[in-house]
Amino acid sequence: MTVLVTGVAGFIGMHVSQLLLARGDAIVGLDNPPRANPHEY
C-alpha cells in the first residue's frame, strides 16, 4: 500500500514513516520546512 505522510520531517511523521516502511508499505512524504536556511534541507 502507498501511504501519504504529511509532516514527514517532524518527530511524529518521521516515526510513522519508519513504522510504515518496516511493515512493507511505500510512503510519499510531504512537508513544508521553515525558510530560515534552505540549504539545510
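Reader: What share of the 41 residues of the chain counts as buried?
Author: Keep in mind that this is a predicted model. To count as buried, a residue has to be under 20% relative accessible area. Of the 41 residues in the chain, the share that passes is 15%.

Reader: And how much accessible surface does the chain have, and what part of that belongs to carbon and sulfur atoms?
Author: The accessible surface of the chain adds up to about 3,400 Å². The part belonging to carbon and sulfur atoms is 62%.

Reader: What pattern does the chain follow along the sequence?
Author: There are two strands and one helix to place. Strand 1 covers 2-6, helix 1 covers 11-22 and strand 2 covers 26-30. Read in order, that gives β-α-β.

Reader: How far apart are the end C-alpha atoms of helix 1, and what span should its twelve residues have?
Author: Let's start with what to expect: at 1.5 Å a residue, the twelve residues of helix 1 should span 16 Å. The model agrees with that, since the end C-alpha atoms are 17 Å apart.

Reader: Which residues of helix 1 are buried, and within what arc do they fall?
Author: The buried ones are G13, S17 and L20. Look down the axis of helix 1 and these buried residues line one face, because they fall within an arc of 65 degrees.

Reader: Which residues are exposed on the other side of helix 1?
Author: Turn away from the buried face, where G13, S17 and L20 sit. On the other side, the exposed residues are F11, I12, L19 and A22.

Reader: What covers the buried residues of helix 1?
Author: One way in is through S17, which lies in helix 1 and counts as buried at 5% relative accessibility. Beyond its neighbours within four places in sequence, S17 is in contact with V5, V8 and I27. For the buried residues of helix 1 together, the cover includes strand 1 and strand 2.

Reader: Is L20 buried or exposed, and which residues does it touch?
Author: L20 has its place in helix 1. At 12% relative accessibility, it is under the 20% cut-off, so L20 counts as buried. Leaving out residues up to four places away in sequence, L20 touches V3, V5, D25 and I27.

Reader: How far apart in space are L20 and M1?
Author: Along the sequence, L20 and M1 are 19 residues apart. From C-alpha to C-alpha, the distance in space is 9.5 Å.

Reader: What about Q18: how does it count for accessibility, and what separates its C-alpha atom from that of V8?
Author: Q18 lies in helix 1. At 47% relative accessibility, Q18 counts as partly exposed. Q18 and V8 are ten residues apart along the chain, and their C-alpha atoms are separated by 10.0 Å.

Reader: Which residue follows helix 1, and what is its phi?
Author: Right after helix 1 comes G24. The phi of G24 is positive, near 100 degrees.

Reader: Where does D25 lie, and which residues is it in contact with?
Author: D25 lies in the loop between helix 1 and strand 2. With a relative accessible area of 11%, D25 is buried. Setting aside neighbours within four places in sequence, D25 is in contact with M1, V3 and L20.

Reader: How many salt bridges are there, and which residues form a salt bridge?
Author: Side chains of opposite charge can pair when their charged atoms come close. The count here comes to one salt bridge. The closest N and O atoms of the pair are 2.4 Å apart, and the residues are R23 and D25.

Reader: Which of these two counts as buried, R23 or D25?
Author: R23 has 60% relative accessibility, and exposed means over 50%, so R23 counts as exposed. The other has 11% relative accessibility, so the buried residue is D25.

Reader: What share of the contacts with a separation of 6 or more joins residues 24 or more positions apart?
Author: The contacts to look at are those in the chain with a separation of 6 or more. Among these contacts, residues 24 or more positions apart account for 35%.

Conventions:
Residues numbered from 1 in each chain as written. Predicted model: local features only at pLDDT ≥ 70, side-chain atom pairs only at ≥ 80, totals over all residues. Heavy atoms only, no water. Helix = DSSP H or I, 4+ residues; strand = E, 2+ residues; numbered from the N terminus. Buried < 20%, exposed > 50% of the residue type's maximum accessible area, 1.4 Å probe, protein only. Contact = heavy atoms within 4.5 Å. Areas by Shrake-Rupley, 256 points an atom, 1.4 Å probe, with all protein chains shown as cover. Salt bridge = Lys/Arg side-chain N within 4 Å of Asp/Glu carboxyl O. Expected span 1.5 Å × (residues − 1). Arc of directions from axis to C-beta.
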